[in-house]
Amino acid sequence: MSTFEQFNLPKSLQKAIDDLGFSAPTPIQEKSFSVIMSGRDMMGIAQTGTGKTFAYLLPLLKLYKFSATETPKIVILVPTRELVVQVVEEVEKLTKYMSIRTLGVYGGVNINTQKKAVFEGIDILVGTPGRTMDLALDNYIRFDETQKLVIDEFDEMLNMGFRPQLTSIFAMMKTKRQNILFSATMTDEVDAVLNDFFDFPEEVTLSPSGTPLENIEQKVYNVPNFNTKINLLQNLLENDPSMNRILVFVNNKKISDMLHTRIDELFPDQFGVIHSNKSQNYRLNTMAAFQEGELRGLITTDIMARGLDISNISHVINFEMPETPEQYMHRIGRTGRADAEGTALSFVTPREEEIKFEVEVLMEREISVADLPESVAISTVLIGPEKEKQVVKFLLKKPKLDGDGAFHEKITKNKKVNLGGPSKTKKKTSSSVNRNILKTRDKKRKDKK
C-alpha cells in the first residue's frame, strides 16, 4: 500500500499531512507527483472528488524555495469564488509549518482591499481569472517571479467564457514556467488552448473522459412537466430517509428561486438556494450551514457543480437536465466521493430526452429508467417557460406543401386558375347603366298615368 512517506516530503509538509490524518495518496496524487516534480507541463484528466488539489499542491510545495520577493511564485487559477476560498484553505492547512504567504482574490468584493493585501506581498496567489487579470492590468500583481501556473477545472473555465482572460494572463507571464492543468473532460477547446500555449504537456489520466464514477447509482424518472417534478421530489423526500444531504441542480437563477420557494413551503428551513445573484457572504454562509448539517439540501445552478469540497453528499438530483453532457458528469461527481457510494437522479421531460441521449453517448452506457411512484400526482398545469415553448413551436409549424390532407383539398378547391377565356364576372359598362336609368324613368311615367 502506498503512503505519503514515499514522496519524501519536507518534514514541515509531512507534519501537516500527519495532522490532517492522511496516510495514503489517492491515485491521481500518486500519478501526478513524479510528473510535476520533473518540471514538465502536465495535463491531468480526473473527475471531481479525486484529490486533485493535493495532487498539485504537494509536489509544488516540495519544490518551493524561499526568495525575498513580493510577487507570487505560484499562481493557481480556478473558475469560482467559492473554489478560491476552498483552495486557500487547503494551502493554509499544508503550509501550517512553512513560512508561505497565501492570498485569494475574486470578484464581488472591494478590489481596493485586495490591492492592499497584494501590496503587502504574496508567495502563492489563488484567484479567478477575471479578478487576477484586473489586478495585473492595474499593475498590482506582477508575474516576474512566477515559475508555476496551475489551472484547475480548465474545461469549466473555458465553458464560462474565461478564455480571453486566460490568454491575457499567459501573455503577461514569462514563457519559462511550468504549467499544470486539471480538467474533468478533454474537449476540443481545451486541446486547442494546450496546442497554442503549452509545451507538449504530459497527460495523466485517472479515468477516460466522460466515464462515470462506478460507485454512483444513476436513475432517470420520465416526467411530463415542472409541477410534476415538484410532486416527484416531494414524494422522494417524504419517503426516502437516505436523502439527507442533497444537491438539487437547475439550469438558471429564476428556476432555482422558483423551486426553492415551492420546496420551502413543503419543507420549511430544510433547503438553501445558491446562485450568482446571491451575495458572497450569503453563499458562503449557506454553504457552511449545509456542510455543518443545518440544511438538508441545496438548490443551485451549475456554479456549485465544480470542485467544491462538500463532503458526504448522499444524492445529486438533476431537477433539470444540464445544457451539455459534460456538465452532467460534473454534477454527479459531487456524490460518490472518496470511495463512498452515491445516487444521481435525473427528472427528464420529453424535451430533455435529447440531452439525456447525449449523456448516455458520452458515458457509453444507458441510464436505467425508474418507475414513477403511483402516489405522485401528474400535474397538467404548465409554468411560463413550458407555455412559451409550446406557443413558439406552434407558430413555427409550417404546413406541408404536398400530400392529400383536408388542408390541401381546401387549397385546391379554392384555387383560381386563369384559363385565358372571358371572365365569368361581367363588369357594368356605362351603356348598361344608361339603359337601366331609361327603364326606371319609363316605369315612373306609366305609374303617373
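## Buried ion pair R331–D302

Both R331 and D302 are buried (under 20% relative accessible area, where exposed is over 50% and partly exposed lies in between, with a 1.4 Å probe and protein chains only). In this predicted model, local features need pLDDT of at least 70 and side-chain atom pairs count only at pLDDT 80 or more, while totals for chains, interfaces and linings use all residues. Residues are numbered from 1 along each chain as its sequence is written, and side-chain values use heavy atoms, with hydrogens and water left out.

The side chains of R331 and D302 form a salt bridge, 2.7 Å from N to O (a side-chain nitrogen of Lys or Arg within 4 Å of a carboxyl oxygen of Asp or Glu). R331 lies in helix α13 (residues 325–332), and D302 in the loop between β11 (297–300) and β12 (315–318), so that the pair links distant parts of the chain, 29 residues apart. Helices (H or I, at least four residues) and strands (E, at least two) are DSSP runs, numbered from the N terminus.

## Other salt bridges

There are 17 salt bridges in the structure. One of them joins E82 and R283, with the closest N and O atoms 2.5 Å apart. E82 belongs to helix α4 and R283 to helix α12 (residues 280–291), distant parts of the chain that are 201 residues apart. Both E82 and R283 are buried.

R142 and D144 also pair through their side chains, at 2.9 Å from N to O. R142 is partly exposed, at 40% relative accessible area, and D144 is partly exposed as well, at 42%. Elsewhere, E70, K73, R101 and D123 are joined into one network by salt bridges that share partners.

## Nonpolar cores

The largest nonpolar core (buried Ala, Val, Leu, Ile, Met, Phe, Trp, Tyr and Cys residues joined through side-chain atoms within 4.5 Å) has 37 residues. Those with the most contacts inside this core are Y56, L58, I76, V87, L94, I124 and I180. At least two core residues come from each of α1 (11–20), α2 (27–37), α3 (52–63), β2 (74–77), α4 (81–94), β4 (124–127) and β6 (178–183). With seven residues, α3 gives the most to this core.

Beyond its neighbours within four places in sequence, Y56 is in contact (heavy atoms within 4.5 Å) with I36, I76, V87, V150, D152, I180 and F182. A second core, separate from this one, has 29 residues, including V118, M133, V193 and L194.
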